[in-house]
Amino acid sequence: MFVLHEWALAEAVIAAALEVADKESLNRVTEVVLKVGELQGIELEILEFAFSQLKRGKLENAEFKTGMAKAEFQCRVCGHKWVLDKQKLDENVAEAIHFLPEIAHAYLRCPGCESPDFEVVEGRGIWLQTIRGVR
Amino acid sequence: MIDPRTSIIAERLKNIRNIVAVSSGKGGVGKSLVASTLAVALADNGYKVGLFDLDFTSPSTHLILGIENAHPREEKGIVPAEVHGIEYMSIIYYSGGSVTPLRGEDVSNALIELLSITRWGELDFLILDMPPGIGDATLDLLRLIKGIQFLIITTSSVLAFETVKNLARLLKSLRISVIGVVENMKMNHSNIVRSETEKLGLELLGEIPYDATIEKAIGDVGRLRRTVFASKVEEIRARIQ
């Protein structure tokens with residue numbers, strides 16, 4: 001299971017969390033809270049497994065908490081708002097979006113006016129929300 | 001909230017000796033042809049080369065190199081497919097050729113995503129085929145890739161060269177290395193581009209005459225290698241090392 005794309009994102013999270021820990025002069029990190037966007041279809045189990053394998057140094061004993069954010073879109077042309085309906089996504093399209101969420105603009109259209117000019121308001125990628133630790 | 005992706009980009013690029021952005025101020029000057037042919041020339045000379053098509057809304061290097069059925073491998077990220085001895089990366093793997101209209105913010109996000117998940121091998125050169133101008137992709141690369149170098153492509157047109165001046169001024173003010181300028185599609189014996197390039201303190205690395213045979217070589221790398229265009233790019237390759 002460790003050969004997947006989630007591994008690359010987990011490495012980025014670890015690198016960013018270590019940077020924050022250094023910047024904030026934390027001796028050890030106790031908790032890292034992440035927000036993961038639904039659009040990218042990241043498998044949380046795989047992500048958590050990657051964290052368990054990758055965490056080191058100041059992050060050795062940190063707990064990683066991941067919350068999922070629903071994918072929401074808003075059309076820039078007609079203003080229509082909608083949420084992702086994963087059931088309607090073709091498997092190949094879902095996989096392409098998994099690797100590169102911006103590819104949504106190649107395959108999705110505003111259900112109101114069919115424009116591809118929409119904004120991913122929420123639920124795009126992976127964000128480091130809070131880090132707790134001991135100085 | 002912090003976007004963690006930018007923290008891993010330097011790690012992803014650490015085994016690449018030279019990162020060369022093939023750029024221009026304007027579109028239609030032959031950036032993608034130069035970038036693709038330069039990558040082929042470097043690979044033919046035994047260098048380990050990557051080619052990354054960053055013109056996300058109008059990718060074309062896959063057409064120039066005749067890449068149809070290549071796919072990257074998923075292994076702790078994305079491992080580019082090897083084509084004609086080149087590690088090749090393009091949005092085309094995911095768009096499948098569908099129209100992909102992207103605003104600046106989306107271009108930026110796509111660029112950061114691909115830089116953070118792509119696992120390049122040990123490379124002598126990574127050639128970046130840039131979108132025209134000094135927009136989001138250029139600004140992001142300047143922000144994210146330390147030691148990036150630029151190769152600027154122009155035509156003989158005063159309109160194209162005017163935008164070269166702007167790009168060169170920006171890069172100079174940021175102390176970014178410019179390998180040199182290439183004059184493409186040259187149709188006369190004028191030395192204007194040469195003298196103007198020298199005025200900018202830059203080197204004109206090559207003059208590529210207009211090559212009417214190039215269109216028929218698109219998609220056929222064997223034929224591309226035999227063009228006058230490719231022989232001129234090979235001369236430029238020899239000068240940039």
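**A tour from the chain A sheet to the nonpolar core**

Begin by selecting β1(A) and β6(A), which pair in the antiparallel sense over eight bridges; keep in mind throughout that this is a predicted model. Within that pairing, pick V33(A) and look across to β6(A), where its bridge partner is T130(A).

Next, bring up α1(A), which packs on the sheet and touches both β1 and β6 of chain A, its direction making about 40 degrees with that of β6(A). Then add helix α2 of chain A, residues 44-54, which also packs on the sheet but touches β1 and β2 of chain A, with a direction at about 155 degrees to that of β2(A).

With both helices displayed, select the sheet itself: three strands in the order β2-β1-β6 of chain A form an open sheet with mixed pairing. Its edge strands, each pairing on one side only, are β2 (63-69) and β6 (126-134) of chain A, and neighbouring strands are turned by 15 degrees against each other on average, direction ignored.

Now move to S25(A), in the loop between α1 (6-23) and β1 (28-37) of chain A. Because just 8 other C-beta atoms lie within 10 Å, and 12 or fewer count as exposed, S25(A) is exposed. From S25(A), a C-alpha to C-alpha distance to G41(A) gives 34 Å, for a separation of 16 residues in sequence.

Finally, select the largest nonpolar core, with 113 residues, in which V13(A), A17(A), V22(B), A39(B), I127(B) and L128(B) touch the most other members. The largest share of this core, 10 residues, comes from α1(A). Centre last on A39(B), which, leaving aside neighbours within four places in sequence, is in contact with V49(B), L51(B), I86(B) and I127(B).

Notes
Residues numbered from 1 in each chain as written. Chains lettered and ligands numbered in written order. Predicted model: local features only at pLDDT ≥ 70, side-chain atom pairs only at ≥ 80, totals over all residues. Helix = DSSP H or I, 4+ residues; strand = E, 2+ residues; numbered from the N terminus. Buried ≥ 20, exposed ≤ 12 C-beta atoms within 10 Å, placed from the backbone. Core = buried A, V, L, I, M, F, W, Y, C linked by C-beta atoms within 7 Å. Contact = placed C-beta atoms within 7 Å. Pairing = 2+ DSSP bridges. Axes fitted to C-alpha atoms, helices over the stretch in contact; angles between N-to-C directions.
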